[in-house]
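Dear colleague,

Please find below the structure I promised to pass on, followed by my notes on what was found in it. I would be glad if you read the notes with the coordinates open beside them.

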Amino acid sequence: MSAAPVISRQRARAATALSVLPLLLLLAITFAVGTGAVHIAPLQVLSIFLAPLGIAPLQAYEEQQAAVLWAIRLPRVVLGLLVGAGLAVAGAAMQGLFRNPLADPGLLGISSGASLAAAMSVVLGFTMFGSYSLPVAAFLGSLLATALIYLLSQDRGRVNVTTMLLSGIAINALCGAGTGLMTFLATDEQLRTITFWSLGSLGGATWPTVISALPLILLGVVALPFTARALNALMLGESGAAGLGINVQAVKWLIVILVALSVGAGVAVAGTIGFVGLVVPHLLRLLTGPNHRTLLPASALLGATLLILADLLSRTIAMPAEVPIGIVTALLGAPFFLYLLRSGRKELT
């Protein structure tokens, strides 16, 4: 059977995805900012957004609703959008770099390095940056772990992807042991902080938090799609990509740096959130094909949408308590990913 009909269907699905996903994201944002203990109807949400422009409200609203939206709901939703987009794009880029649909940003030790540094900052009392001390420590830990893995993967000035994968497994295990040691040494209060952070949460979202993470996450979300041509070429192997004029080593450096910055910043402000960077690009690859020109921007849109909805579920399912978002993404993502593995085995071979 000719490949032309398959490619044509994939292109049609890709065009549909890029048309539908922005609308789904907009609906998710509107629904998320309006749902909670203080209900805000969609027209009220729109009216609150338009009020600074001097436009008459489409539906009357109370000042309390406006205050809740601007100060509490919107920064949390924006942070979820950024973190979800960053994790999903990073996952798609890593899967393209490793030429393996099961690859994940965690392979570079980003999450484990951040977890170890965060645990150490709590137990050892690192307070140099005040309330931002834990996020700063987590971000630095993610970068140090990534840099160490990348240095270990060097072979005569070239990056060996297989060695990088094995180094990542080793560093992840080492950081996990260090985090376990810090957990053992922690007091009850410190243990609660470490546990809650490691499970992931957007509960601490404020505008300063959003602004601190915005540049680094946005850098990855915006810049990684520009590596789509190189990632498509790498599907032919490194020698094939080099034959097409791709500077393979430079592309590897660029992708690893962008992934580390984007995911490191996300983990620093939201804790460890699993499965977004694994499931989202894998699902889109099955639906729209492996073309990274579509896969990367579509992953950003779907990742943002899913994390916003997962956070909405985490803060409403057990009100007034809040379920850590990492638990929600794992409970939803793991069974779904197992389903994808079973139904999409032909695409994985």
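Thr209 is buried, its relative accessible area being 10%, where buried means under 20% relative accessible area, exposed over 50% and partly exposed in between (1.4 Å probe, protein chains only). This is a predicted model, in which local features need pLDDT of at least 70 and side-chain atom pairs count only at pLDDT 80 or more, while totals for chains, interfaces and linings use all residues. Residues are numbered from 1 along each chain as its sequence is written, and side-chain values use heavy atoms, with hydrogens and water left out.

Thr209 lies in helix H8, helices being DSSP runs of H or I with at least four residues, numbered from the N terminus. Apart from its neighbours within four places in sequence, Thr209 is in contact (heavy atoms within 4.5 Å) with Leu79, Tyr132, Gly204 and Val269. The other buried residues listed for H8 alongside Thr209 are Val210, Ala213, Ile217, Gly220 and Val221, and the buried residues of this helix pack against helix H3 (63-98), helix H11 (248-270) and helix H13 (292-316).

As to the geometry of H8, its 17 residues (207-223) should span 24 Å at 1.5 Å a residue, and this agrees with its end C-alpha atoms, which are 24 Å apart; the expected span is 1.5 Å times one less than the number of residues. H8 nevertheless bends by about 45° at Leu214, with a proline, Pro215, following within four residues; the bend is the angle between axes fitted to the seven residues ending at a residue and the seven starting there.

One contact partner of H8 can be followed from the side of H3. Leu82, which is placed in helix H3, counts as buried at 7% relative accessibility, and, not counting residues up to four places away in sequence, Leu82 touches Val210, Leu214 and Ile217. The C-alpha atoms of Leu82 and Ala213 are separated by 8.3 Å, although these residues are 131 residues apart along the chain.

Leu218, also in helix H8, is partly exposed, with a relative accessible area of 39%. Together with Leu214, Val222 and Phe226, Leu218 forms a nonpolar patch on the surface, with about 400 Å² of accessible area in total; such a patch joins nonpolar side chains (Val, Leu, Ile, Met, Phe, Trp, Tyr) within 5 Å, from residues with over 30% relative accessible area and no salt bridge.

Turning to charged pairs, a search of the whole structure finds four salt bridges, each defined as a side-chain nitrogen of Lys or Arg within 4 Å of a carboxyl oxygen of Asp or Glu. Asp311 forms one of them with Arg76, the closest N and O atoms being 2.8 Å apart. Asp311 lies in helix H13 and Arg76 in helix H3, so this pair ties together parts that are 235 residues apart in sequence. Arg76 also forms a salt bridge with Glu322, at 2.9 Å between the closest N and O atoms. Glu322 lies in the loop between H13 and helix H14 (325-343), so its pairing with Arg76 ties together parts that are 246 residues apart in sequence.

Asp311 further pairs with Arg315, with 3.8 Å between the closest N and O atoms, and these two, four residues apart in helix H13, are separated by about one helical turn. Arg76, Asp311, Arg315 and Glu322 are thus linked in a network of salt bridges. Within this network, Asp311 is buried at 4% relative accessibility, Arg76 at 10% and Arg315 at 13%, whereas Glu322 counts as partly exposed at 29%.

With kind regards

Conventions
Patches are made of residues with over 30% relative accessible area and no salt bridge: like charges are joined within 9 Å, nonpolar side chains (Val, Leu, Ile, Met, Phe, Trp, Tyr) within 5 Å. Accessible areas come from the Shrake-Rupley method with a 1.4 Å probe; for residues, only the protein chains shown count as cover.
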